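Got your viewer open? Get ready to select a few residues at a time and look around.

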Amino acid sequence: MKKQYFLYLFLFLVLKINAQSSLVKNVPFVNIGPAIMSGRIVDVDVNPNKPTEFYAAYASGGLWYTKNNGTSFVAVTENAPTQNMGDIAVDWENGTIWIGTGESNSSRSSYAGIGILKSVDKGKTWENVGLKNSQHIGKIVINKNNPNEVLVGVIGNLYSSNAERGIFKTSDGGKTWKNVLFINENTGVIDISASPTNANILYAASWERDRKAWNFDGDGENSGIYKSEDAGATWAKVEGKGFPTGNGIGRIGLATFNDEVLYALLDNQFMRPEEKKKEEEGLKKDDFRYMSVSDFLKLDNKSLNVYLKENDFDKKHTAESVKESVKKGAIKPNDLVTYLEDANYVLLNSEVIGAELYKSVDGGKTWKKTHDQYLDDVYSSYGYYFGTIAVNTSNENKVYIGGVPLLKSDDSGKTFTSISKENVHSDHQAIWVNPMLNGHIINGNDGGINITYDDGENWAKNNQPAVGQFYSVNVDNQKPYNVYGGLQDNGVWYGPSNYKASKYWEANGEYPYKSIGGGDGMQVQIDNRDNNIVYSGSQFGYYYRVNLKTNDRLNIHPKHELGDSPYRYNWQTPILLSPHNQDILYMGANKLVRSMDKGETFNIISDDLTTGGKKGNVPYGTLTTISESPFQFGFIYTGSDDGYVYVTQNSGGSWVRISDALPQELWVSRVIASQHAKERVYVTLNGYRSDDFKPYIFVSENMGKTWKNINNNLPNYPINVVKEDPEDENVLYLGTDNELYVTFDKGENWQLFLTGIPKVAVHDVVIQNEAKELVVGTHGRSIYKANIAPLQQYNKIKNKNTAFFEIADIKYSSRWGSSWSQWSEPNTPSVTIPFYVSNNDKIKVIITNQADIELNKFDVDAKKGFNYFEYDVSVSNKKGILELTKKDENFKKGKNDVYYLPKGTYFVKIGEEKQSFEVK
C-alpha cells in the first residue's frame with residue numbers, strides 16, 4: 001500500500017512540475033457554450049434544510065453548486081484532477097464534499113475515474129483520499145451520526161476484471177479504507193440505500209456486468225441485494241422470496257422508506273415467455289429464413305413488393321429483379337432476412353422482460369412485484385443505462401422511477417403515469433424528492449436539471465452551465481465563423497464563434513445556437529462553397545444533408561447490396577467531404593463508401609477494412625476515421641475500431657494495410673494525412689475500451705512503411721485527436737481523455753494548456769485558419785476557443801529573450817469610464833498584450849505614444865513561455881497626460897476618474913522590444 005502511495009505521489013509531483021514548466025500554461029481559453037442542451041447528470045445532493053441549495057454532478061462535466069434553486073450554478077471542480085463524476089455525497093453541517101469519480105453508467109462515453117475526492121472547504125481544494133483503482137463508483141453514503149464514517153459502492157472497471165470492487169468503508173474520514181463487501185472481480189456495487197430512520201440499516205445492490213468493445217452483457221447470477229444491520233461493517237445477501245435470481249438479473253436501483261420497507265427497480269434480462277401472436281397479413285422477415293428457392297419463386301409479386309417497400313429495401317430491388325437474382329443463384333431467399341439484421345439487431349430486438357419494480361415490507365425477507373403488466377418503453381433495450389428510483393420518505397406509496405421516461409406512482413407501484421413534459425429531456429439519472437413539501441422534485445437527466453413543485457405537472461429547466469458532451473466539432477468560413485458539433489444524446493447544433501454566455505436571449509426567445517438534428521449527434525462536414533449545406537447525423541451512420549437556409553433535407557444511410565453482409569457502422573460513424581471536390585462525400589462503415597453527387601448515391605470503394613468484426617450486440621469491426629491527402633485526390637487513409645490502418649493512392653483501386661508494426665487491437669481514434677508533406681501521416685490509438693490508458697501517437701514519413709512513437713512526456717490518458725497546425729509543420733495539437741496539449745517539435749516535447757480550460761475529455765479540435773483560432777470540442781464542458789497566432793510564431797522567436805506578438809486594435813469609445821446610469825458598472829476597455837519571455841522574470845511593460853512619451857507603466861511577473869497582459873488602456877503618467885491634453889481637446893477623465901487613450905497609434909515596450917496597436 002505504501003509503495004502504491006509513493007508511486008501516486010511521484011506521478012502527481014512529476015505532472016505538477018510538467019504543468020508548471022509548460023510554455024503554454026498561460027494561453028487563455030474562452031468557453032463559447034452552448035449551454036441550452038446541457039449534458040448528462042449522474043447525481044444531485046440537496047441541502048435538506050434549505051432545498052434551494054444543492055450540488056449537481058455531471059457525468060463528465062464536473063460538480064456544480066447553486067444556492068438559488070438552479071437559477072445559476074458555480075463550478076466547484078475547476079481545479080480538481082478530473083471532471084468525471086460517479087456519485088456525490090455532502091456533509092451539509094460541516095461543508096465537506098465527497099466525490100466518487102468515474103461514472104457508474106456503462107455507456108460508450110462513461111469515463112473512468114481516479115478514486116475518491118474530498119473537499120473540506122466547499123470545493124476550493126480537493127484531496128484524493130483513496131480507491132484510486134476503482135475506476136467507476138456507484139454510490140457514496142455518509143453516516144448521518146458520524147460524518148467520518150463513509151461507505152462507497154464501487155462498480156469497478158468497465159472493460160476488464162479488477163479486484164477493487166464492492167463496498168469500501170472508512171471510519172476516519174478517508175485516511176484508511178476497508179473492503180467490507182467483495183463478491184468477485186466482475187461484480188461491483190451499483191447502489192447503496194440507507195434507512196432514513198436508522199443509520200445502521202443499509203441495503204446495497206450488486207451488479208455483474210461484462211462490457212467489451214463488441215458486446216455488452218449486463219446481467220448475471222451475482223447481481224443481487226445485500227443488507228447490513230451494523231452501519232455497513234458487515235453484509236449478508238438478501239435471499240428474499242419473490243425476488244428473481246439467476247443469470248438474467250441486471251442492474252438494480254434501491255429506495256428505502258424505513259428499516260423494513262424498501263423498493264427495488266430491476267432490469268430483468270430474462271426473456272419474456274413466447275406469446276401467440278395474431279396472424280399478421282403480408283410477408284414477414286422470418287418467412288424467408290428457411291424458405292426454399294422453389295417456394296420463393298411462387299410468391300405473389302405484389303406481396304413481395306410490399307415487403308420490400310415496408311422494410312426500406314433499395315428502390316432498385318423489385319419482386320421481379322429479386323426473383324431473377326434468386327433464379328441465377330446470385331442470392332438466396334434467406335438474404336431477405338440478413339439484409340435487415342445489422343449489428344444492432346440482437347440488442348434492439350431482444351424480447352427481455354425489462355424494467356420491474358419490487359417492494360419488500362419486511363426488510364427484504366419477502367418481495368412482491370408491484371405491477372401486473374410489463375413496464376414497456378421504460379428501458380427499451382438499455383436497462384444497464386438506468387436504475388433510478390426514489391420514494392417520498394413521508395409517503396411510502398409515492399414512488400418515482402426513471403428510464404427513458406420519468407414515471408410516478410401514487411399506489412406503491414401498482415400503476416404509473418408519466419411526468420415527462422415538453423421541456424424535460426429523456427433518459428433519467430437522478431431523482432430527489434422533498435419529503436417536507438409534497439410535489440417538489442429535482443430531476444437530473446441527459447439534458448441537465450429540471451425542477452417541479454406540482455409533482456411533475458410543470459417543470460423549470462435549469463441549464464445555465466455549459467456542460468455539453470461533444471463528440472465532434474467543425475467550423476465554416478463565414479465572418480464571424482460558426483461552430484458546429486454533435487453531442488451525446490443532444491443532437492447537432494451550430495452557433496456563432498463570438499458567443500458569450502448571457503441570459504439576454506430569454507427576452508427575445510432566440511438562443512444563439514440552433515439545433516439541426518436529434519439523437520446522439522455525430523460528425524459534421526460543411527460545404528466550403530456554400531456554408532448552408534451541412535452534412536451530419538446521429539449514431540450508427542444515420543446521416544443527412546441539410547440546407548440551413550431552406551431546411552431541405554436528404555437522409556443518408558448507405559446500405560449493402562442484397563446478398564452481401566449488412567454494413568457495420570460505428571456509433572460515431574466517420575464522414576468526410578473531399579478537400580478536392582465538395583460534391584464528394586466519404587462515409588465509413590466496415591467498408592469505405594463514396595458518393596460523387598452530394599450523398600444522393602453511393603458506391604463501395606473498398607473491401608472490408610477491418611479484422612472482420614466479432615459476434616456480439618455492439619457493432620465492431622467498423623471504420624472510425626477517414627483522411628484524404630490534400631496533395632492528391634483519392635490518396636486516402638482509414639482507421640478502424642479494431643486497430644487496422646489502410647491506405648489507397650488510387651481511390652480504392654487497391655489498398656495496403658500499414659498498421660502491422662503498430663500496437664494491435666486498439667481503437668484508431670485518428671488518422672491524419674499531413675498537409676505539409678505528402679508521405680507524412682499521423683495515427684493515434686486509444687486503448688480505453690480495454691482499460692488501457694496509455695497514450696499512443698505515431699508519425700510516419702513514408703506512408704506507414706515505418707513508424708515513430710512520439711508520445712514522449714505525455715501522461716497516461718487515452719488520446720482522442722491530433723491536429724496539424726496549418727502554418728508550422730512542427731506544431732501539433734492533441735486532445736486526450738483529460739487534457740489538451742501542443743507540441744512545437746513534432747512530438748518531442750508536449751506542452752499542457754492550463755488557463756481557462758479544466759481537466760476534461762477533449763474529443764475533437766479544429767482550426768479556423770483565417771481567424772487563427774483553435775476550437776476545442778470537449779465531452780463535458782462544451783466548446784472552447786483560443787487564439788493560436790502567437791503559437792504559430794514560436795519556432796521563429798524561441799531563441800529571443802523577449803518577443804511581442806500582434807496586438808489587436810481597439811475601437812475608441814467616448815463612454816469609456818462611464819455608464820448609462822448610476823446603477824450600472826462603468827464601461828471599461830481592455831487590450832490583450834501577448835508576449836514571450838525565455839525565462840521567469842519580473843519585467844516592466846511600458847506604454848508610449850508615437851513621440852515616445854511614456855503614458856503608463858506596469859510591473860509584470862512574467863513566466864517562461866507565452867504571457868498575456870491585460871492593459872486597461874489607461875493613462876497614468878503625469879507627463880503623458882499633459883502631452884495628450886495639449887494634442888487632443890477631447891482627452892478628459894472618465895467619470896470613474898481614469899484617463900483613457902484617445903484615438904491614435906501607441907506602442908508597448910519591454911526592454912528593447914516593442915509592438916504597436918491602434919485606438920481607432
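Here is a short tour, one stop after another.

Before you click, know that this is a predicted model, where local features need pLDDT of at least 70, side-chain atom pairs count only at pLDDT 80 or more, and totals for chains, interfaces and linings use all residues. Numbering starts from 1 along each chain as its sequence is written, and side-chain values use heavy atoms, with hydrogens and water left out.

**Stop 1: a sheet**

Select residues 525–526 and 553–556, which are strands β36 and β39. (Strands are DSSP runs of E, at least two residues, numbered from the N terminus.) They belong to an open sheet of four strands, ordered β36-β37-β38-β39, with antiparallel pairing. Two strands count as paired if DSSP finds at least two bridges between them. Why is one side of β36 and of β39 left without a neighbour in the sheet? Both stand at the edges with a single partner strand each, so one side stays free of a sheet neighbour.

Now add 542–547, strand β38, which four bridges join to β39. To see one bridge, pick Y543 and its partner in β39, I556.

**Stop 2: the largest nonpolar core**

A nonpolar core is a set of buried Ala, Val, Leu, Ile, Met, Phe, Trp, Tyr and Cys residues joined through side-chain atoms within 4.5 Å; buried means under 20% relative accessible area, with a 1.4 Å probe and protein chains only. The largest one here has 37 residues, and I225, F243, I252, W367, I389 and I401 touch the most other members. Strands supplying at least two residues each include β15 (198–208) and β20 (249–256). The largest share, five residues, comes from β21.

Zoom in on I225. Beyond its neighbours within four places in sequence, I225 is in contact (heavy atoms within 4.5 Å) with residues including A204, F243, L254 and W367.

**Stop 3: rings**

Keep F243 and W367 selected. Rings of Phe, Tyr and Trp (its six-membered ring) pair if their centres lie within 6.5 Å; planes under 30 degrees apart are stacked, over 60 edge-to-face, and the rest tilted. This pair is tilted, with 5.3 Å centre to centre and 55 degrees between the planes. F243 sits in the loop between β19 and β20 and W367 in the loop between β22 and β23, so the pair ties together parts 124 residues apart in sequence. Buried or exposed? F243 is buried at 11% relative accessible area, and W367 is buried at 8%.

For one last selection, try F288, F296, Y307, F313 and Y339, a cluster linked by ring pairs.

How values were computed:
Buried < 20%, exposed > 50% of the residue type's maximum accessible area, 1.4 Å probe, protein only.
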